[in-house]
Amino acid sequence: MKKWTAWLLVLTMVVMAACSTEQPGTSSEQETKDGDFKIGLSISTLNNPFFVALKDGAEEQATELDATLTVADAQNDAAKQVSDVEDMIQKGMDLILINPTDSEAVGAAVQSANDAGIPVITVDRNAESGDVVAHVASDNVAGGKLAGEYMVELVGEGGKVVELEGIPGASATRDRGQGFNEAIDGKLDVVAKQSANFDRAQGLTVMENILQDNKDIVAVFAHNDEMALGAVQALNSAGLNDVKVIGFDATDDAVKAVEDGTMAATVAQKPTEIGKLGVEAAVNHLKGETVEENIPVDLELIK
């Protein structure tokens, strides 16, 4: 009887051991759940409603997909952005989304992530070096063309105009300027072109300085709405309310200005959608799915 009891005990232990060997496999599957993905978002600045909306969209999508999103504000400082990305690498992010402050300078951060085996996706602005999985953005060249074509339609050919440029080195600055100038080439005369760094206060100051020698302008194209709104303030103070101002981004303030007639138009990007698509692409890549290299977001001219 004791022998049978001993054999039964041994058999029970073998069965229990066999069951326990299945647990690691189950645990491994749990580790691949979306909720375990840690995604970093290095954003150029949160002192701009466009990028606040982009961040909000990313956070909303991360919650929807049960991923963890860590956001760092580079404060329009290229060196700080590189440092922020290095910090994310040390924290073991599974993937890093980068909205570059400077498309050239950010290459060092992208390369650091590459060296650490961490994939990178760029949003709104691209990186000029380093390997990225995908780029999520509107077609800024096409948006610049929309603005230029509408300006010609508004003021006719031969007028004197001003171009307020974004941050030097940013891909959005280069691409929006390219599209705008292609559209107005031979039709309008750009009498002044200067950076105001995508900032409203600088847009006001730069526009005031330009107006000292150029009070006969008929229109202004600003590479974003913040600079456009600053330009509107300067023009109103100078009594030049008839000058047509076109911005880019369709922020809430700019759309209201278009509705009120203080701005002529703004090119509508969809920053919330850019943020959402960035996180969606990140999760899909981490799950082993194929992600398109260029993920476009539609543009629209609000006038």
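This section describes the secondary structure, sheets, aromatic contacts and selected backbone features of a predicted model.

The protein chain contains eleven helices and twelve strands. Of its 303 residues, 47% count as buried. The accessible surface of the protein chain amounts to about 14400 Å², and carbon and sulfur atoms supply 48% of this area. Among contacts in the protein chain with a separation of 6 or more, 73% involve residues 24 or more positions apart.

One open sheet is built from six strands in the order β2-β1-β3-β4-β5-β11, and its pairing is parallel. Its edges are formed by β2 (68-73) and β11 (294-297), each of which pairs on one side only. From one strand to the next, the twist averages 15°. At the β2 end of the order, β1 and β2 run parallel and are joined by six bridges, with Leu69 in β2 as the bridge partner of Ile39. Strand β1 (residues 38-43) is mostly covered, five of its six residues being buried.

Further along this sheet, strand β4 (residues 120-123) pairs with strand β5 (residues 134-138) in the parallel sense over three bridges. Within this pairing, His135 in β5 is the bridge partner of Thr122. Strand β5 is in turn joined to β11 by four bridges, and these two strands also run parallel. Here the bridge partner of Ala137 is Pro296 in β11. The side chains of β11 alternate along the strand. Ile295 and Val297 point to one face and are buried, whereas Asn294 and Pro296 point to the other face and are not buried. Pro296 thus combines a bridge to Ala137 with a side chain that is not buried.

A second open sheet of six strands has the order β7-β6-β8-β9-β10-β12, with mixed pairing. The edge strands are β7 (189-195) and β12 (300-302), and each pairs on one side only. Neighbouring strands of this sheet are turned against each other by 20° on average, direction ignored. Strand β8 and strand β9 (residues 244-249) run parallel and are joined by three bridges; in this pairing Val220 stands opposite Val245 in β9. Helix α6 (residues 140-155) lies across β6 (160-165), β8, β9, β10 (265-268) and β12. The helix runs at about 165° to β9.

Two aromatic pairs are found in a search of the whole structure. Phe50 and Phe51 form an edge-to-face pair, with 5.0 Å centre to centre and 90° between the planes. Both members are covered: Phe50 is buried, with a relative accessible area of 1%, and Phe51 is buried, with a relative accessible area of 4%. In the pair of Phe180 and Phe221, the ring centres are 4.6 Å apart and the planes lie at 25°, so this pair is stacked. Phe180 belongs to helix α7 (residues 171-184) and Phe221 to strand β8 (residues 219-222), so the pair ties together parts that are 41 residues apart in sequence. Phe180 counts as buried at 0% relative accessibility, and Phe221 likewise counts as buried at 0%. A contact between a charged side chain and a ring is also present: Arg176 lies over the face of Phe248, at 4.0 Å from the ring centre.

Positive phi values are found at two residues described here. Asp66 is not a glycine but has a positive phi of about 60°. This residue lies in the loop between α3 (49-64) and β2, the latter being an edge strand of the parallel sheet. Ala250, also not a glycine, has a positive phi of about 60°. Ala250 lies in the loop between β9 and α10 (252-260). The relative accessible area of Ala250 is 17%, and the residue is therefore buried under the cut-off of 20%.

Technical notes: Residues numbered from 1 in each chain as written. Predicted model: local features only at pLDDT ≥ 70, side-chain atom pairs only at ≥ 80, totals over all residues. Heavy atoms only, no water. Pairing = 2+ DSSP bridges. Axes fitted to C-alpha atoms, helices over the stretch in contact; angles between N-to-C directions. Phe/Tyr/Trp six-rings, centres within 6.5 Å; stacked < 30°, edge-to-face > 60°. Buried < 20%, exposed > 50% of the residue type's maximum accessible area, 1.4 Å probe, protein only. Lys NZ or Arg CZ within 6 Å of the ring centre and 35° of its normal. Contact = heavy atoms within 4.5 Å. Areas by Shrake-Rupley, 256 points an atom, 1.4 Å probe, with all protein chains shown as cover.
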